[in-house]
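Open the model in your viewer and keep the selection tool at hand. The stops below say what to pick next and what you will find there.

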Amino acid sequence: MLAYIARRILASIPVMIVVALFVFLLLRLTPGDPAAIIAGDMATPAQLDQIRQSLGLNEPLVTQFVTWSGQLLSGDFGRSLISKTPVLRLIGQRLEPTLSLAIVTMLITLLLSIPMGVLAAWRHGSLTDSAVMAISVLGFSIPVFVTGYIFIQIFAIDLRIFPVQGFKSIGEGFWPFFSRIFLPALTLATIYIALIARMTRAAMLDVLGEDYVRTARAKGLSERVVLFRHALRNAAVPILTVVGTGFALMISGVVVTESVFNIPGLGRLTVDAILARDYPVIQALILLTSGIYVVINLLIDISYAFMDPRIRY
Amino acid sequence: MSFLANAAAFRPSRLVRSALLASVVALSGFAAAPVDAQEIRAVMHSGIRVLDPVITTAHITRNHGYMIYDTLLGMDENLKPQPQMASWEVSDDGLTYTFTLRDGLKWHDGAPVTSADAVASLKRWGERDGGAQMMFKSVESLEPKDDKTFVLKLKEPFSYVLELMAKPSGLPTFIMPERVAKTPAGESITDYTGSGPFKFVEAEFEPGVRAVYEKNEDYVPRDEPPSWTAGGKVVNVDRVTWVVMPDIQTAVNAINGGEIDFLEQTPIDLLPLLQANPDLTVEVLSPLGYQTMARLNWLNPPFDDVKIRQAAMTALGQEPILAALVGNPEYMKSCGSMYGCGTPFATDAGSEPIMSGPQPEKAKAMLEEAGYDGTPIVLMQPTDVPSIAPQPVVGAQLLRQAGFSVDMQPMDWQTLVTRRASQAPVKDGGWNMFFTNWIIPEVWSPINNPMLNGGGKEAAWFGWPDDPELDEMRTKFAQASDDETRKEIAADIQAHAFEVVNYIPVGEYTIPSTSRKSLSGMLKMPVPVFWNVEKAAD
């Protein structure tokens, strides 16, 4: 197993190098000039050139890439071209809101979707099954900003249970944190609940027809044990894959939810950086996202071995 | 089932009931999130990212400048320069200005403000500001005399010195410590020490999320009552936090729910949601408002031909564009003045073609006479800027009705600002036309107005009119010694600018602000400032 993990980590290095090169070139070939963004509306061509010079953007691309790579190798992601804030500080500021949103969303999702999927499969063809499928279709079909605004109207404006917007660190107390993260997490969870409930149902339906499930029932095991210990564990591999990639997707940014609830997460940072052509920030964010995908995929693959003893590395 | 049965049977003791009640009250208190009575939470028109108010003309950075820096002079509501950090004397020949810093000026680190700081700041400003660049061509020397006094000597008359130094927008004369002001003008500063009424809390700054300012306890305001950027800047709150909310509906919900105190710009179509709330005040704080405009590129065909530019102006009209952009007559008006209506130099000189528009038939005839060959006009449309996006759509249709071939190209604003800097032919990434807008103080005189510069490819603003006659007239304006002469020259400049179609003003509009009733004392002026504001319990 350790050898497998080491191999996977080594294999990710060339992936990251290709990503870095690709992102660097793509950004430089996309129209946009950070100097024009910094200078504002009144700048003359000479003033723009002066700013470009001071940012090092007039250097040949190869020189710029070598400088950036050198910085990266020494652990320096540089500074934002626009605000001059260190890139790592910017990302650090946004990491907690994003991680909080992703974790709470996933908790709500797992708490609701797995039982829903298991129930639907267990009562296949019944009214319960149809209800779960209907909820899934609904959750998947309504755009997240619509769900968000509906929740805000009901829970924040009409009932005044939660604030309309914002984020507070968990360090400032549980309720300030939870009251602000719950609605966005619930909003985002509607999509993942729909997805994972359907996935669980499909995987469970496959497994429930297997001989070993019939054998388990014939042995007189309770339905709870049959469903959760025998069937669900065997159905877990595809569910875990979706949970893992969904989690990675949330960490790399969920812009609409972050905007509707004013959560200062990585998604908003990414969009802002792209709109401002803030090259060092975009480059660092994409490298970070790629790294997260590599790690989460690795964790998913490792978890397969724990869920399904037939899988060995 | 058993859990539900148990729950239904549960009868809390008085102590437990009290504890539950206390928890609910406490929790609901968190939910309502009452802010500290001495903190103003404001959603400004955009998030601040660039912190150097000299390198950029972005309005949000200018607003930040007014928080933490002081200006040498202020401008009052009668549009007259007034002393702020410094008073002045002018020699009889009008060539020597002696400025004296007032007592009590201190940097946020406690050091005294000196004339060397003011001189270094003015020199950096002179490298960035268009009007100041023009002024410095007439400057012989600018030197400190002693710690509190400095002298500006002109080699030739330039009578607009005080108005330029007092201007409230564009690049105001924010004064920085000499060590900071010596930063090259093309490089952003990284030391945010000011001497203004608020201090910038750098540790709490999150670009794109929030900026925090705390009261500068050492600030000594002037004794006069506040009037625009002149007079006493008395701070009545401990902190001001600018919260960034990218979604305007969220901001509207937040101010309705009392989570923020001030919303700088309220979209017209969301006004009913706010006007119905008795706890809110919706009002226009900057009655002068904005001028919106179209700029044509003089370098590329077909707008290198003045007759075709004139046909384009005749084809356009202010009302259809304003109707699409604003829609509510209360917040828009046609205006034939390039200097903005209601300003000292406002005039209708030469504005007949745009004020009578749209006149498609007349424009068609003009195009025919000019021999227009059907060259498509590349019109850039920034889809992500609501205050501009509808204008090119209407403009394109009006131009098409007059017989122009229009290639409207949607793009994001950052692509537009990059592309408009290109002086290349259209086939190599150039352009023909775009729309943008300004606040009126940025265009209210021939010196301030960035478009009224005939310096061609080297010095003019995007579109690059090569118009020496215009520049000669501007020089005369700057040298005029009395207001009447200035007004006459300003009218001549405008008539000329309309004749050659330097740019096309397509109307004016205002944007209402919304504040909680608990805020009082917001000043009505072109720049949102937070001195003089008081906050009562909500």
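Select α12 (255–260) and α13 (266–275) of chain A: each supplies at least two residues of a nonpolar patch. Now pick out the patch itself, on the surface of this predicted model. Its members are A:F145, A:V255, A:V256, A:V271 and A:L275. Together they make about 340 Å² of nonpolar surface.

Zoom in on A:V255. It sits in helix α12 of chain A. Is A:V255 buried or partly exposed? Its relative accessibility is 31%, so A:V255 counts as partly exposed. The cut-offs behind that label are under 20% for buried and over 50% for exposed.

**The whole of chain A**

Zoom out and show chain A as a cartoon. How many helices and strands does chain A have? The count is 14 helices and zero strands. Read along the sequence, the pattern is therefore one α after another, with no β in it. Along the principal axes, the C-alpha atoms of chain A fill a box of roughly 85 × 55 × 35 Å.

Colour chain A by burial next. Of its 313 residues, 50% count as buried. Then turn on contacts between residues at least 6 apart in sequence. In chain A, 73% of these join residues at least 24 apart.

Show the surface of chain A. About 14,400 Å² is exposed, and carbon and sulfur atoms supply 71% of that area. Switch to charges. Chain A carries 24 positive and 18 negative side chains. The centres of the two sets lie 8 Å apart.

One backbone stop remains in this chain. Select A:R160, in the loop between α7 (144–158) and α8 (174–208) of chain A. A:R160 is not a glycine, yet its phi is positive, at about 55°.

**Chain B: an enclosed helix**

Move to chain B and select residues 59–68, helix α3. Why is this helix described as largely enclosed by the rest of the structure? Because 10 of its 10 residues are buried. Among them are B:H59, B:R62, B:H64, B:Y66 and B:M67. Also on the list of buried residues is B:G65.

Now show what surrounds α3 of chain B. Its buried residues pack against β8 (198–200), β9, β10 and β17 (433–439) of chain B.

**Chain B: a charged patch**

Stay with β9 (210–215) and β10 (239–243), and select the loop between them in chain B. B:D238 is in that loop. At 39% relative accessibility, B:D238 counts as partly exposed. Add B:E214, B:E217 and B:D218 to the selection. With B:D238, these residues gather in a surface patch of negative charge.

**Chain B: backbone details**

Select B:P301 and B:P302. The peptide bond joining them is cis, with omega about 5°. B:P302 lies in the loop between β13 (290–296) and α10 (306–315) of chain B.

Go on to B:G357 and B:P358. A cis peptide bond joins this pair too, with omega about 0°. Look for B:P358 in the loop between α12 (352–355) and α13 (360–370) of chain B.

Finish at B:N532. Its loop runs between β20 (519–520) and β21 (534–535) of chain B. Phi of B:N532 is near 75°, a positive value in a residue other than glycine. With 24% relative accessibility, B:N532 counts as partly exposed.

Conventions. Residues numbered from 1 in each chain as written. Chains lettered and ligands numbered in written order. Predicted model: local features only at pLDDT ≥ 70, side-chain atom pairs only at ≥ 80, totals over all residues. Heavy atoms only, no water. Patch = residues over 30% accessible without salt bridge, like charges linked within 9 Å, V, L, I, M, F, W, Y side chains within 5 Å. Areas by Shrake-Rupley, 256 points an atom, 1.4 Å probe, with all protein chains shown as cover. Salt bridge = Lys/Arg side-chain N within 4 Å of Asp/Glu carboxyl O. Lys, Arg positive; Asp, Glu negative; His and termini not counted. Charge placed at Lys NZ, Arg CZ, Asp CG, Glu CD. Helix = DSSP H or I, 4+ residues; strand = E, 2+ residues; numbered from the N terminus. Buried < 20%, exposed > 50% of the residue type's maximum accessible area, 1.4 Å probe, protein only. Contact = heavy atoms within 4.5 Å.
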